Every structure is written in C-alpha cells, then in structure tokens.
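Got the model open in your viewer? Let's walk through it one selection at a time.

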Amino acid sequence: RQLAELLDLPKDVIEAAIRGARSFRLFAPREFIRRMEPGNVHDPLLRQVLPVDAENDAAEGDAADPLEEAVAEVTPGLLQKYPGRCLLITSGACAVHCRYCFRRHFPYDAVPRSLAAWEPALDEIGANRSLEEVILSGGDPLVWTDAMLAELVERLAAMRHVKRLRIHTRLPIVIPQRTTPQLLETLRGTRLATWLVLHANHAQELDTAVADAAGALVDAGVPLLNQAVLLRGVNDTLAAQEALCRRLVDLRITPYYLHRLDRVRGVGHFAVPEETGRAIVAALRDRLPGYAVPQFVEEVPGALSKQVLA
Ligand SMILES: *Cc1c(COP(=O)(O)O)cnc(C)c1O
Ligand code: SF4
C-alpha cells in the first residue's frame with residue numbers, strides 16, 4: 001500500500017500484489033523506487049519487485065531448487081560447483097526482493113549468522129589448496145557490517161592459496177550509499193585481487209548516484225562486472241539490452257553474463273524464449289565493442305561451468 005501511494009498505482013494492481021507476496025514478501029528500497037515512473041504499471045524497475053497473481057501458479061517443471069544447490073553444499077553456507085572457486089551464501093538477506101530470484105526458496109535459515117558460525121566453512125577453505133577464489137554471494141554479502149566484512153576479508157587473505165575475492169552484490173545498485181569509505185578501504189587494502197559483480201537489469205537502474213558509487217569502486221582498484229537476467233517485460237528487447245550495455249561500459253562496468261531465467265517455482269511469467277535471447281545477443285555483437293557484449297548463459301545442474309548459449 002505504501003508503494004501504491006508512492007507510485008500512484010491502481011487498486012487492482014495492489015490487491016494482486018498483496019496476494020502475490022504471500023510466499024515471498026515485497027521489499028524494495030526507496031532509493032530504487034525513486035527511479036520508477038509514477039503511474040506506469042509496466043515500469044521495468046517496478047516489474048522486478050511488484051508481486052503478481054501469476055506467482056501463485058506453480059508452472060509445471062518449476063522446482064524449489066532447480067539448480068540442485070543442496071548437492072553442492074560442502075558445509076552450511078559453503079557451495080562448490082566449479083573447480084578452483086567456491087561460493088559463500090554470506091547472508092540470507094538482500095536489500096531488495098527480486099521477484100524472479102532463483103534463491104527465493106533457498107533454506108536461508110540454515111546459513112551461519114555470525115563469524116563464529118562460519119568457522120567450519122573457513123576451515124574447509126583453509127584446508128582445500130585447490131581453491132584460488134572465494135565468492136561472497138547470498139542473499140547479498142554487503143548487508144554485513146563493514147567491520148564484519150573487513151574481518152572476513154582478513155581471514156581469507158591469511159590463507160596463502162587464496163588469490164582472489166569476488167563479491168556478488170546488488171547493493172551498490174539499489175542503495176548506492178552502501179559504498180561507504182570503510183568498505184572502499186577494505187577492498188583497496190587487501191592483498192587479494194578483488195572483483196565485484198553487480199546485478200542491474202535495465203539502464204534506468206543506473207542513475208547518477210549509482211554512477212558515483214561505481215566510479216568510487218573502480219577508482220579503489222576494484223574491477224566491476226555486471227550480471228543481468230533476461231526477463232519478460234523488463235529487458236527482453238534489443239533496445240533495452242543495448243541501452244543497458246552502453247550505460248554499463250560508460251560507467252566502466254563490463255557486462256559479464258546475461259542469464260537465462262532459472263525456472264524456480266513462481267517465476268514462469270518472466271520466462272523469455274531461448275531463441276529471443278540468442279537473437280538479442282547476436283544483434284548486440286553487431287552493434288557494440290566486443291567487451292560490451294555479455295555472454296548469454298544458462299546454468300545446468302552438474303555441469304562444470306555456466307553453459308554459453310550465445
Ligand atoms: C555461478 C556460480 C559461480 C561462478 O561462476 P563463474 O562462471 O566463475 O562466474 C561459482 N559458484 C557457484 C556455486 C555458482 O553458482
Ligand atoms: S538481489 Fe539477488 S539474491 Fe537478492 S533477491 Fe535479488 S536476485 Fe535474489
């Protein structure tokens with residue numbers, strides 16, 4: 001109802017949103033809502049966060065854990081699917097609830113909630129010398145306090161075989177003020193090569209506050225990548241993808257992956273035919289510099305990498 005008031009949305013849309021939010025509640029920061037166009041129920045940012053009735057239709061084949069992540073769990077919160085790198089589900093929380101989230105049914109309650117609870121995972125990483133890279137993912141790792149993050153980074157940097165730290169986060173996009181001086185200091189100061197992978201789906205998300213946050217990160221020596229998800233009614237046109245890629249590289253953010261939607265329960269209404277994705281990416285390649293074109297990928301359970309579709 002607050003969102004409806006802020007954006008002047010019709011009553012039927014709001015009633016549907018209340019029904020759609022039953023299994024995954026609506027949650028969006030005001031900084032992000034401010035970039036939406038009032039009165040436009042088709043706004044590409046609004047569509048990412050607004051629950052709809054279709055979420056309650058369990059489409060056939062849609063699973064709670066489509067990527068079989070339970071199989072990849074080494075210790076609570078520590079996943080390894082690919083050689084040389086592991087992923088920590090650092091937190092169950094996010095600053096925004098994206099309706100298409102593939103981890104919307106993830107058993108986050110089992111994720112460790114304090115640094116002490118992370119000891120089994122840290123022991124495992126310390127003992128496994130094949131791990132060169134640690135990915136902090138989630139949820140969103142930047143919901144942690146700067147002090148906790150600094151301590152975790154220090155612990156990882158003390159493991160000689162760990163060379164790289166990667167942070168998967170949407171926070172600098174949805175709340176750019178999260179890019180605090182202390183955070184920049186931690187990232188600038190570590191011996192680990194640190195890469196940050198953002199998540200923006202539409203050029204309209206990348207306003208001047210986001211541009212400043214991205215600039216501060218790059219200036220701190222942190223290369224920025226972006227992953228997007230191909231979503232019906234949000235960014236499933238050549239024009240939308242082209243505008244996103246151009247805006248990203250103008251901000252020194254390299255488009256990394258364009259993900260095919262993972263078919264988790266309740267997200268079927270965002271699905272885009274694979275052929276559409278292939279055609280869009282092929283057309284981007286004829287229009288943009290090579291570094292400005294993401295790889296269109298899909299995750300296949302059991303595979304040793306994301307599978308490139310285009
Ligand atoms: C996607 C993913 C990665 C990262 O894959 P890259 O191709 O290196 O970006 C790592 N671990 C897990 C569990 C993943 O799902
Ligand atoms: S920010 Fe990422 S993990 Fe969080 S709800 Fe959105 S897609 Fe899911």
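**Stop 1: one edge of the sheet**

Select strand 1 (73–75) and strand 2 (residues 78–82): the two pair in the antiparallel sense over two bridges. Strands here, like helices, are DSSP runs numbered from the N terminus (E and at least two residues for strands, H or I and at least four residues for helices), and two strands count as paired if DSSP finds at least two bridges between them. Pick Thr 75 and you'll find its bridge partner, Leu 78, in strand 2.

A word on what you're looking at: this is a predicted model, in which local features need pLDDT of at least 70 and side-chain atom pairs count only at pLDDT 80 or more, while totals for chains, interfaces and linings use all residues. Residues are numbered from 1 along each chain as its sequence is written, chains are lettered from A and ligands numbered from 1 in the order in which they are written, and side-chain values use heavy atoms, with hydrogens and water left out.

Now zoom out. You're in an open sheet of ten strands, ordered 1-2-3-4-5-6-7-8-9-10, with mixed pairing. Strand 1 and strand 10 (307–308) stand at the edges with a single partner strand each, so one side of each has no neighbour in the sheet.

**Stop 2: strand 4**

Next, select strand 4 (133–138). Is it enclosed or open? Six of its six residues are buried, so strand 4 is largely enclosed by the rest of the structure. (Buried means under 20% relative accessible area, exposed over 50%, and partly exposed in between, using a 1.4 Å probe and protein chains only.) Both faces are covered: Glu 133, Ile 135 and Ser 137 are buried on one side, and Val 134, Leu 136 and Gly 138 on the other.

Add strand 3 (85–91), which pairs with strand 4 in the parallel sense over six bridges. Cys 86 has Val 134 of strand 4 as its bridge partner. To get from strand 3 to strand 4 the chain passes through helix 6, in a right-handed β-α-β crossover. Right-handed means that, with the strands pointing away from you, the path from the first strand over the helix to the second runs clockwise.

On to strand 5 (164–168): four bridges join it to strand 4, and the two run parallel. Leu 136 stands opposite Ile 167 of strand 5. Strand 4, helix 7 and strand 5 make another right-handed β-α-β unit.

Switch on those two helices. Helix 6 (residues 119–127) lies across strands 1, 2, 3 and 4, at about 100° to strand 1. Helix 7 (residues 146–157) lies across strands 3, 4 and 5, at about 155° to strand 4. The axes are lines fitted to C-alpha atoms, for helices over the stretch in contact, with angles from 0 to 180 degrees between N-to-C directions; contact means heavy atoms within 4.5 Å.

**Stop 3: the far strands**

Show strand 8 (residues 253–259) and strand 9 (residues 295–298), which pair in the parallel sense over three bridges. Leu 258 stands opposite Phe 296 in strand 9. Helix 12 (residues 274–285) joins strands 8 and 9 in a right-handed β-α-β unit. Strand 9 also pairs with strand 10, this time in the antiparallel sense over two bridges.

**Stop 4: ligand 1**

Which residues are around ligand 1? Among them are Lys 81, Arg 85, Arg 166, Tyr 256, Tyr 257 and Lys 306, where being near takes a heavy atom within 4 Å. Try these distances to its oxygen atoms: 2.7 Å from a polar side-chain atom of Arg 166, 2.6 Å from an N or O atom in the side chain of Tyr 256, and 2.6 Å from a polar side-chain atom of Tyr 257.

**Stop 5: two loop residues**

Go to Glu 205, in the loop between strand 6 (193–199) and helix 10 (208–219). Glu 205 counts as buried, at 0% relative accessibility. Its side chain makes a polar contact of 2.9 Å with that of Gln 48. (A polar contact is a pair of N or O atoms within 3.5 Å; within protein, one must be able to donate a hydrogen and the other to accept it, and residues adjacent in sequence count only if both atoms are side-chain atoms.)

Finish at Asp 236, in the loop between strand 7 (224–229) and helix 11 (238–250). Asp 236 is partly exposed, with a relative accessible area of 25%. A polar atom of the Asp 236 side chain lies 3.2 Å from the backbone nitrogen of Gly 233.
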